[in-house]
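Work through the exercises below with the sequence and the model in view. Try each task before reading its solution.

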Amino acid sequence: ILFSSPCYRCVRHDEHISYGNLGDSVPPFGLAFSSGNSFNILAAANEEGIVRLYNTESREYPLLKAWLAHENAVFDIAWMPGEPQLVTAAGDQMARLWDVKSGELLGSFKGHLCSLKSVAFAPEEKAVFSTGARDGNIMIWDMRCSKKDGFYRQVNQISGAHNKAETNPPSKTKKRRGGMRGMAPSVDSQQSVTVVLFRDQHTLISSGAVDGVIKMWDLRKNYTAHRHDPVPLQTFPYPGSCTRTRLGYSGLALDSARANVMCNCTDDSIYMFSVCGIKTTPVAVFSGHQNSSFYVKSSVSPDDQFLASGSSDNHTYIWKISNPELPPMTLQGHSEEVTSVAWCPTDFTKIASCSDDHTVRIWRLHRENDEVQSSLGEANLVGHARPKILPTETTPAKPQRRVSLGGIASPQPAACAPSGAALPLSSSTTTPNRSQDSKTAAVRHRTPPTIKQWLSPSSRTSEQAGSPAHRVLSQSPQSSASSTPPTERRAKRRLETGDGLSSNCEGTEQCDCVTELSPAAKRSRTLSGVCCPAQESPAQTGCHTEDNNAASSRQTDKENCSPRGVNWLSVMSQKLRKGQRSPRSPKDPRSPSAAKKQESKTPASPNVCTPPAMKKISMYFTKRPLD
């Protein structure tokens, strides 16, 4: 229901302005629903130390009480379990206990040297709570202990809980003897504790502002005696990929089973860690929001199905915990950064949020059959829910490589082919003046499916028309007449042409033999006098159309194979063996029967030269003197 339709909404009477001492509006910082019998009571504290109580069920008189709790900003609030009392943590370096019914101050807790940032009660424990401050210390307080000078003192202290070791520590300066005791340390030398949270009666979870580590502490250990480098029970290192040297967490939230903790990180992610086992990597990561301050908090729904968090982009985000990849729902209506978010512990339909726009808003689950909400009308809406639209990531197309004609070289001699036969293009061929839909489509268009189509006159003409850079050995007047326009220039394999007739060729027409690409191979080929045996038997040829099955199996992908599919030495050896047979043998290519069979299987081709005499294969190699 939550993600199927815009469900949560905020109407005008659920928007409350946070006022200061002089009547001006100020930003609220802390939000907390009551944990006693009155679960609908919401406490909100602001920048000028004023605490207000709201009855979220009353539409006519929602404000119950307001009083000045501190002379400084109140950053966090914690309700005593099962009691109408709460503790405030403020910037005056103190925590105070209040009775919300009478507004009476029940006690002050003094010991920190900087502003208090967080306060939390132990579960089902009314007398013990913890505070974290900017001085880098975590303090445990017990109201059952006696006061000293009118203030409660800490019973346990974790000093430098989240100090980060500096890579280049400053040089030590000599301390003055007359230095004053009790002065607050400099902000640069101490690392702030941002959040403290009890997991159980003896285990405390904390986070810092710069070290990027979540730590769990065993409170049965006395950390006061070990003031330097306290050792936690377990640590959860930063799991993200951000390269900033200082990373911290602004909020911690436990589910109802206290088995998973949600950690708001300043890298715009919320990491969920399991605190029940030994695994220190997150079990889920929630993203999509923005977190650019240490005031952004989160809250888990009472059924442990959803996670709500503030955001620096003025929205409240809601994720489904079981499906972190699902785009979150956003509650839109605030005009500044949304800081603290609190889900009502007993009512799934209510969410409270506060923002730097000086307002506190109550978001309620909208039901279509709710007559009260329907009667308010759309004009009274000040906030609504919208699904988050995540940007789609597009991968840019890989640029095509341009191959110059001068840089093409073949590692092997080119195979013999009939006159005008065009070799297929390489996969890197590009057409500058023509848009290419895809690389696969271009390859499929340039490569014939079979050898027969490759050697056919129609495909030869089309290849020549689209490939002016391609050259063949012999070019008829008809083929030279069908020249291609200069706009279509493709980088193809360059085949050189022979200017004259071969010395060993018989007939008046030019030999249909394609010479090699490399000059050295060309010279050796010319000296040897080997020409295309176009009228040989199928067993003697490697690129004839009669042997389509064998050739197609060897040259299914012409872009990645050498044009010559058969070793020419093996061809010559076959010719030598068969030349020793009877001149009138049916298998002799010069016999009339073989010629008839050849004419019935292959198309007519120009006269092809044949070696006048067969020599030993060693005669085709040039002997070089040994150095």
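A residue counts as buried under 20% relative accessible area, exposed over 50%, and partly exposed in between (1.4 Å probe, protein chains only). The model is predicted: local features need pLDDT of at least 70, side-chain atom pairs count only at pLDDT 80 or more, and totals for chains, interfaces and linings use all residues. Residues are numbered from 1 along each chain as its sequence is written, and side-chain values use heavy atoms, without hydrogens and water.

**Exercise 1.** Decide whether Asn-156 is buried or exposed.

Solution. Find Asn-156 in strand E14, residues 156–158; strands are DSSP runs of at least two residues, numbered from the N terminus. Its relative accessible area is 7%, so Asn-156 is buried. Next, list its contacts (heavy atoms within 4.5 Å). Beyond four places in sequence, they include Ile-138, Leu-219 and Tyr-223. Lys-221 is also among them, and its backbone oxygen lies 3.1 Å from a polar atom of the Asn-156 side chain.

**Exercise 2.** Work out which strands stand at the edges of the sheet E7-E8-E9-E10.

Solution. Start with the order: these four strands form an open, antiparallel sheet. E7 (74–79) and E10 (104–110) each have a single partner strand, so one side of each lacks a neighbour in the sheet. Two strands pair if DSSP finds at least two bridges between them. Five bridges join E7 to E8 (residues 85–90). In one of them, Ile-77 partners Thr-88 of E8.

**Exercise 3.** Find how confident the prediction is across the chain.

Solution. pLDDT is the predictor's confidence in each residue, from 0 to 100. The chain average is 73, and 57% of the residues score at least 70. Over residues 172–189, pLDDT is below 50. Where pLDDT is low, the predicted coordinates should not be read in detail.

Methods. Polar contact = N/O pair within 3.5 Å; in protein donor to acceptor, adjacent residues only side chain to side chain.
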